[in-house]
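Thanks, everyone, for making time for this. I would like to walk through one protein chain, beginning with its overall makeup and then turning to a sheet, some charged pairs and one serine.

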Amino acid sequence: MISNCFLWEWMEKLLILFITALLARGSSCLGCPPSCICASDLLSCVKQGLHQVPPFLPPTSVSLDLSHNNLSHLHNHWLSGLPRLHIVRLSHNHIRRLPAKAFHNATLLRHLDLSSNRLERIKEELFENLWSLEELLLYNNRIVHVDEGAFSRMGNIYKIYLSWNLLTVFSFSSMQNLTNPHLRTLDLSSNRFLELPVEEVSSLPSFIKNGLYLHNNPLTCHCALYALFSHWDQRGFSSVVDFYKEHTCLYMGQHRAIVRILQPLNGFDNCSLGPWYRLPDADIRVLIGKRLMVACNTSLPQENTTYLWISPTYEFIISPGNNNQSIKIHRNGSLEILKAQTWNSGIYLCIAVNRKLNYNSTHEVNITVHYPKHEAESFNTGLTTLLGCVVSLVLVFVYLYMTPCRCLACCSKPAQTPSPPHEGSAQSSILCGTPPTSEGHNNRKAGASRHVVFLEPIKEGRADKNLKILHLKSDSDSASSVFSDSPIVPT
């Protein structure tokens with residue numbers, strides 16, 4: 001009897017061990033890796049020292065966390081078995097390069113964290129199938145280059161973080177041509193930008209500039225940069241207001257001469273006097289024949305918003321564009337002129353209407369289409385002024401000292417007693433090249449000496465006493481000019 005009870009006890013223990021092993025094997029067959037934690041639709045493999053992605057992942061996973069491991073590479077289509085995946089965290093690994101189709105099947109992915117890795121370049125085809133992606137974290141890597149169209153196909157991207165990398169250039173114009181209207185944060189702070197294309201940045205839509213973070217870059221100080229950030233500060237953009245003191249530049253590019261751009265007494269006192277203070281936000285110049293993209297900078301969200309442009313000739317332009325397709329209207333409200341011509345110049349008005357919010361907004365842009373300037377056409381204004389002064393002085397000299405006598409006939413007549421002037425002509429003057437002469441006065445030739453005759457103001461009853469002649473002797477008479485008073489003797 002005892003032996004039978006003992007036997008049944010051992011059989012029960014063996015059965016329990018068998019069932020436990022069977023359940024463990026079954027859980028492994030369902031795809032939960034031994035080193036990870038599976039909770040409903042969540043899969044966490046944090047800090048497991050993984051050198052590669054586990055081969056079997058549960059297909060029901062919505063969130064996958066592989067951060068803080070030793071992953072150095074990913075394979076193409078490695079997420080093909082996770083059709084419900086929305087969140088992938090791969091931060092704090094050693095990933096240096098990503099294959100072109102690493103995220104090819106993750107069409108429902110909304111959050112992708114690749115921060116704190118060793119990435120060096122973001123290629124154009126890497127994120128081309130992430131149509132649903134809303135947040136992309138790429139900060140704290142070693143990225144030196146981002147392809148121009150790397151983010152152009154993200155239809156729902158909301159935030160892109162590229163801070164703490166090694167970027168020196170970035171295609172801001174590619175952000176203007178995004179097919180989505182949702183981008184609100186583009187963090188490019190703490191990189192290595194030395195210069196910014198101010199006109200290109202200023203032409204971005206306001207909703208992008210509001211979240212375009214450019215602080216903590218070794219930018220070179222100049223007035224256009226000051227005008228850009230001052231304008232953003234006046235409009236209250238979060239990118240400037242939230243990091244007011246961190247917007248700095250380097251005077252003459254010297255790393256030891258750091259200037260806070262938006263602080264008082266920063267050395268930009270005279271910048272407001274220059275032409276750079278007129279930003280292309282409201283005044284755009286374009287060469288003839290070039291393509292131009294103008295954003296409709298309004299504060300309205302682009303969901304449920306329709307756009308209408310009015311041309312300088314009061315033509316109403318709606319999507320997709322005008323009749324001959326020389327002007328197009330994009331989904332985000334941007335106006336595109338394919339080949340700018342002189343008749344495209346003028347003031348354009350954008351009207352944005354959001355019916356859901358029952359609100360509308362307008363934005364005015366002045367477009368100037370001009371021809372390229374040649375160096376030969378430039379003219380020195382200072383030289384022109386100096387030349388004009390010299391010519392004027394020469395003409396005055398010629399008039400005073402080289403004008404020939406034009407009253408020889410009047411000067412050759414005998415002097416006569418002047419008659420009193422009429423009433424109302426109390427002030428008069430007579431100018432003659434030679435003095436009045438008599439017939440027997442040394443027979444001097446007319447014009448041998450030049451004399452200037454002035455008549456003082458004549459008062460009534462005193463004409464004979466006040467009339468005087470001042471003789472200016474020529475060089476033939478004396479080396480210096482001598483003035484003499486001689487009364488006129490009546491005949």
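Let me begin with long-range contacts, where contact means heavy atoms within 4.5 Å: in the protein chain, residues 24 or more positions apart account for 57% of the contacts with a separation of 6 or more. Before going further, I should say that this is a predicted model, in which local features need pLDDT of at least 70 and side-chain atom pairs count only at pLDDT 80 or more, whereas totals for chains, interfaces and linings use all residues. Residues are numbered from 1 along each chain as its sequence is written, and side-chain values use heavy atoms, with hydrogens and water left out.

The protein chain has 491 residues, of which 38% count as buried; buried here means under 20% relative accessible area, exposed means over 50%, and partly exposed lies in between, with a 1.4 Å probe and protein chains only. About 30300 Å² of the protein chain is exposed, and carbon and sulfur atoms supply 57% of that area, as given by the Shrake-Rupley method with a 1.4 Å probe, where for residues only the protein chains shown count as cover.

As for secondary structure, the protein chain contains nine helices and 23 strands, taken as DSSP runs numbered from the N terminus (H or I of at least four residues for helices, E of at least two for strands). Nine strands form an open sheet with mixed pairing, in the order β1-β2-β3-β4-β5-β7-β9-β10-β11, and its edge strands, each pairing on one side only, are β1 (37-39) and β11 (212-213). Two strands are said to pair if DSSP finds at least two bridges between them. Within that order, β3 (residues 63-65) and β4 (residues 87-89) pair in the parallel sense over three bridges, and Ser63 stands opposite Ile87 in β4.

Now to the charged pairs. How many salt bridges are there, if we require a side-chain nitrogen of Lys or Arg within 4 Å of a carboxyl oxygen of Asp or Glu? The count comes to four, and I will take three in turn.

In one of them, Arg96 pairs with Glu120, with the closest N and O atoms 2.9 Å apart. Because Arg96 lies in the loop between β4 and β5 (111-113) and Glu120 in the loop between β5 and β6 (121-122), the pair ties together parts that are 24 residues apart in sequence. Arg96 is partly exposed at 46% relative accessibility, and Glu120 is also partly exposed, at 27%.

Another salt bridge joins Asp147 and Arg121, where the closest N and O atoms are 3.2 Å apart. Asp147 is in the loop between β8 (145-146) and β9 (159-161) and Arg121 is in strand β6, 26 residues apart, so that distant parts of the chain are linked. Asp147 counts as buried at 14% relative accessibility, whereas Arg121 is partly exposed at 47%.

There is also the salt bridge between Arg291 and Glu336, at 2.8 Å between the closest N and O atoms. Arg291 is partly exposed at 47% relative accessibility, while Glu336 is buried, with a relative accessible area of 8%.

Finally, where is Ser116 placed? Ser116 sits in the loop between β5 and β6 and counts as buried at 12% relative accessibility. Leaving aside neighbours within four places in sequence, Ser116 is in contact with residues including His92, Tyr139 and Asn140.
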